[in-house]
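User: I would like to learn how to read contacts, cores and charged pairs in a structure. Could we go through them one at a time?

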Amino acid sequence: MLSFSLFEKNKEFIFRFSKFLVIGGSALLVDIALYYVFTRELHISYLLSRVYSLSVAIFWNFYLNRIWTFTARGGSLIAQFWRFLTVIGITSLANLLFMHIGVSVLGFHDIGVILFVSVLLTLVNFTAHSFWSYAIKQA
């Protein structure tokens with residue numbers, strides 16, 4: 001009974017986080033597919049490929065999270081986008097740093113590092129986007 005009660009109290013949070021994971025998962029698939037093409041087919045360096053693939057995933061993420069996860073259609077699109085870019089810029093720099101350390105320093109498989117870091121940064125991104133990026137100022 002306690003677990004059901006806990007679920008009821010947090011239903012909106014759980015539902016929103018689940019949608020965030022679906023969008024994030026789809027963006028991760030786009031990200032990895034592009035990264036794979038850039039590195040394996042086009043022979044672009046892994047860090048530059050990461051910048052390119054992350055850039056596409058960032059726009060994918062912003063749009064879908066804005067309209068579906070956070071339903072933040074109100075407020076300024078431009079302001080939300082810049083807040084989103086600030087958060088994602090910081091976590092993307094962390095992502096690239098972890099990528100360099102994981103691949104070049106520790107010798108881990110590049111796609112494994114992408115998956116690990118994505119999971120690690122998911123909660124940071126969700127929290128920042130929930131309370132800042134898509135927050136609509138109340139009058």
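Analyst: We can begin with contact, which means heavy atoms within 4.5 Å. Please keep in mind throughout that this is a predicted model. With that cut-off, and leaving aside residues up to four places away in sequence, Arg 50 touches Asp 31, Tyr 35, Asn 95, Leu 96, Met 99 and Ile 114.

User: Where does Arg 50 lie, and is Arg 50 buried or exposed?

Analyst: Arg 50 belongs to helix α3, and because buried means under 20% relative accessible area, its value of 0% places Arg 50 among the buried residues. As an illustration of sequence distance set beside spatial distance, Arg 50 and Leu 34 are 16 residues apart along the chain, while their C-alpha atoms are 8.7 Å apart in space.

User: Which residue forms a salt bridge with Arg 50?

Analyst: The general idea is that side chains of opposite charge can pair when their charged atoms come close. In this structure, the side chain of Arg 50 meets that of Asp 31 in a salt bridge, at 2.7 Å from N to O. This pair links distant parts of the chain, since Asp 31 sits in helix α2 and Arg 50 in helix α3, 19 residues apart. Asp 31, like Arg 50, is buried.

User: How many salt bridges does the structure hold, and how should I read the others?

Analyst: There are three salt bridges, and it helps to ask of each where its partners lie and how exposed they are. Asp 110 pairs with Arg 40, their closest N and O atoms being 2.9 Å apart, and here again distant parts of the chain are linked, with Asp 110 in helix α5 and Arg 40 in helix α2, 70 residues apart. Asp 110 is buried at 11% relative accessible area, whereas Arg 40, at 29%, counts as partly exposed. Glu 12 forms a salt bridge with Arg 16, with 3.9 Å between the closest N and O atoms; because these two residues are four apart in helix α2, about one helical turn separates them. Glu 12 is exposed at 59% relative accessibility, and Arg 16 is partly exposed at 25%.

User: What makes up the largest nonpolar core?

Analyst: A nonpolar core is a group of buried nonpolar residues joined through side-chain atoms within 4.5 Å. The largest one here has 11 residues, including Phe 17, Phe 62, Phe 84, Ile 88 and Tyr 134. Helices α2, α3 and α4 each supply at least two of its residues, and α4 gives the most, with three. Ile 88 touches Ile 58, Asn 125 and His 129, again not counting residues up to four places away in sequence. A second, separate core has nine residues, among them Ile 32, Tyr 35, Ile 111 and Val 117.

User: Which nonpolar residues form a patch on the surface?

Analyst: The nonpolar patch is formed by Leu 97, Phe 98, Ile 101, Val 105, Leu 106, Phe 108, Phe 116 and Leu 120, which together have about 790 Å² of accessible area. Helices α4 and α5 each supply at least two of these residues, with α4 giving the most, namely four. Leu 106 lies in the loop between α4 and α5 and is exposed, at 51% relative accessible area.

User: Which backbone angle of His 43 deserves a second look?

Analyst: His 43 has a positive phi of about 60°, although it is not a glycine. His 43 lies in the loop between α2 and α3, and is exposed, with a relative accessible area of 64%.

How values were computed:
Residues are numbered from 1 along each chain as its sequence is written. This is a predicted model: local features need pLDDT of at least 70, side-chain atom pairs count only at pLDDT 80 or more; totals for chains, interfaces and linings use all residues. Side-chain values use heavy atoms; hydrogens and water are left out. Buried means under 20% relative accessible area, exposed over 50%, partly exposed in between (1.4 Å probe, protein chains only). Patches are made of residues with over 30% relative accessible area and no salt bridge: like charges are joined within 9 Å, nonpolar side chains (Val, Leu, Ile, Met, Phe, Trp, Tyr) within 5 Å. Accessible areas come from the Shrake-Rupley method with a 1.4 Å probe; for residues, only the protein chains shown count as cover. A salt bridge is a side-chain nitrogen of Lys or Arg within 4 Å of a carboxyl oxygen of Asp or Glu.
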